[in-house]
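Q: I'm new to this one. Can you walk me through it?

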Amino acid sequence: MTSTAQASTSGARTAPPEHLGHVVFITAAAAMGGFLFGYDSSVINGANGGIQDRFDLSSGVTGTVAASALLGSALGAAIAGRIADRIGRIRVMQIAAVLFAVSAVGSGLPFAAWDLAAWRVLGGIAIGMASVIGPAYIAEVAPPAYRGRLASFQQAAIVIGIAISQLVNWALLNMADGEERGTIAGLEAWQWMLGVMLVPALVYGLLSFAIPESPRFLISVGRVEDAKKVLADVEGDVDLDARVAEIDQAMRSDHKSTFKDLLGGKFGLLPIVWIGIGLSVFQQLVGINVIFYYSNLLWQSVGVDPSSSFFYSFETSIINIIGTVIAMIFVDRIGRKPLALIGSVGMGISLAAAAWAFSFQHGSDPLPTAQGYVALIAANAFVLFFALSWGVVVWVMLGEVFPNKIRAAALGVAASAQWIANWVITITFPDLSDWNLSLTYVMYAVFAFLSIPFILKFVPETKGKTLEEMG
């Protein structure tokens, strides 16, 4: 699925102010998939304890259930682009919404751990599809001058979804008298936590009927007049015939990319593909999703009571939103690389501080007061630096960095690599933390620092460039 939202050949044109409201609505609706992505990814954080107790699971098996969605995500990311090129971007959003809804109902009513894992995999497929279709669709409808900020909507929606999931979990826990296995209307609190996702899934499905199809897809299937209407709505006063001809010419010079097109170079794949994979993998190897999947269990393991651990998780989600807003403000002003570098340095230092604090933990005893404060501050600083940098930059760059002729296949590979790395981190954390929590965070800090030379040497700056210039 290729993405073209470029300036016209007669000069960069941006949507006049009166069109921006419509573009923002379209972008926000498409980014609702990101909200579900964040919600589904993080809601398991509140349910882990109840699941572990209900099905009498070990830490390793609990991690497997929590991470099961990520395997589905890798599959969904790999197939989304090809499906969207055949049936359209909007149809893929609608398929993802249905999968989200079915997964929510099944996850809320499981009868065994394997059954729950299967429903989580189904939801993961939806997450993977949303993770690809959202940024690509937004890149295709966004005017170039606003593309960075509009592409940031995807990450903003993700972090809002994370925050709302934590708020909902906290509210449900209070309704269940502070017990994850407390009952509400006949179901345990953790079941409601997973099942409530049905509501945003339905909203996502309804919004998908209120936004237009991508003009690039419309042109590809011969619906030129429909494409002109969309272009007029999102780009304003432009020569529509010339704009259609420009997109059509760009598509004719493209071809449907396959994995074979990515082969080449010294290490099997084209260098730019490895760069995309590197961005995706480093984003996960710093351990960001450990915070969102396991923070409740993490805080409880160092002496925080369950109700307070839910509050800390929600507080971290708010900091995540603040960092994302900072990134949205600066991503088109100072560029993608400077933000990524700032984030790498900040994350590395924060993770090192957390590792030092956790080194004082002994068995199930709470951390000493001073180290407890350091751990809490370091965890929040880590989330802030991630959110204002890699959380946004990676999603923006994955929509921009690949040449048109390989963008569909390359984006699918990069997104799949991201989910696989996420799965590895998620499934290994429970056992690693039981072994040595401090050294686990040392490992994440090392990856944060290693991302610095990777950015400096290999990652190109995409600020202000049209998608065609990235060729």
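Q: What does the secondary structure of the protein chain come to?
A: The protein chain has 18 helices and two strands. Helices (H or I, at least four residues) and strands (E, at least two) are DSSP runs, numbered from the N terminus.

Q: Anything to know about the model first?
A: This is a predicted model, where local features need pLDDT of at least 70, side-chain atom pairs count only at pLDDT 80 or more, and totals for chains, interfaces and linings use all residues. Residues are numbered from 1 along each chain as its sequence is written, and side-chain values use heavy atoms, with hydrogens and water left out.

Q: How much of the protein chain do buried residues make up?
A: Buried residues make up 60% of its 471 residues. Buried means under 20% relative accessible area, exposed over 50%, and partly exposed in between (1.4 Å probe, protein chains only).

Q: What share of the contacts is between residues 24 or more positions apart?
A: They account for 83% of the contacts with a separation of 6 or more. Contact means heavy atoms within 4.5 Å.

Q: How many residues are in the largest nonpolar core?
A: The largest nonpolar core has 134 residues. Those with the most contacts inside it are Ile 51, Phe 100, Tyr 204, Trp 390 and Tyr 441. Such a core is a set of buried Ala, Val, Leu, Ile, Met, Phe, Trp, Tyr and Cys residues joined through side-chain atoms within 4.5 Å.

Q: Which helix gives the most to this core?
A: Helix α18 (residues 407-458), with 17 residues.

Q: And what is Tyr 204 in contact with?
A: Leaving aside neighbours within four places in sequence, the contacts of Tyr 204 include Ala 29, Met 32, Leu 36, Met 93, Phe 100 and Ile 133.

Q: Back to α18. How do the axes of α12 and α18 cross?
A: Helix α12 (residues 271-285) and α18 have axes that come within 3 Å and cross at roughly 25°. So α12 is roughly parallel to α18. Axes are lines fitted to C-alpha atoms, for helices over the stretch in contact, and angles run from 0 to 180 degrees between N-to-C directions. Under 35 degrees counts as roughly parallel, over 145 as roughly antiparallel, 65 to 115 as roughly perpendicular and the rest as oblique.

Q: Which classes do the residues of that α12 and α18 contact divide into?
A: There are 19 nonpolar, eight polar and no charged residues in the contact of α12 with α18. Ala, Val, Leu, Ile, Met, Phe, Trp, Tyr, Cys and Pro count as nonpolar, Asp, Glu, Lys and Arg as charged, and the others, Gly among them, as polar.

Q: At what angle do α3 and α18 pack?
A: About 180°, with the axes of helix α3 (residues 59-87) and α18 8 Å apart. That makes α3 roughly antiparallel to α18. Their contact has 14 nonpolar, nine polar and three charged residues.

Q: Is Gly 63 of α3 buried or exposed?
A: Gly 63 counts as buried because its relative accessibility is 0%. Leaving aside neighbours within four places in sequence, Gly 63 is in contact with Tyr 294, Thr 426, Ile 427 and Pro 430. The C-alpha atoms of Gly 63 and Asp 431 are separated by 8.3 Å, though the two are 368 residues apart along the chain.

Q: New topic. What is the phi of Asp 56?
A: Near 55°, a positive value in a residue other than glycine. Asp 56 sits in the loop between α2 (32-54) and α3. At 71% relative accessibility, Asp 56 counts as exposed.
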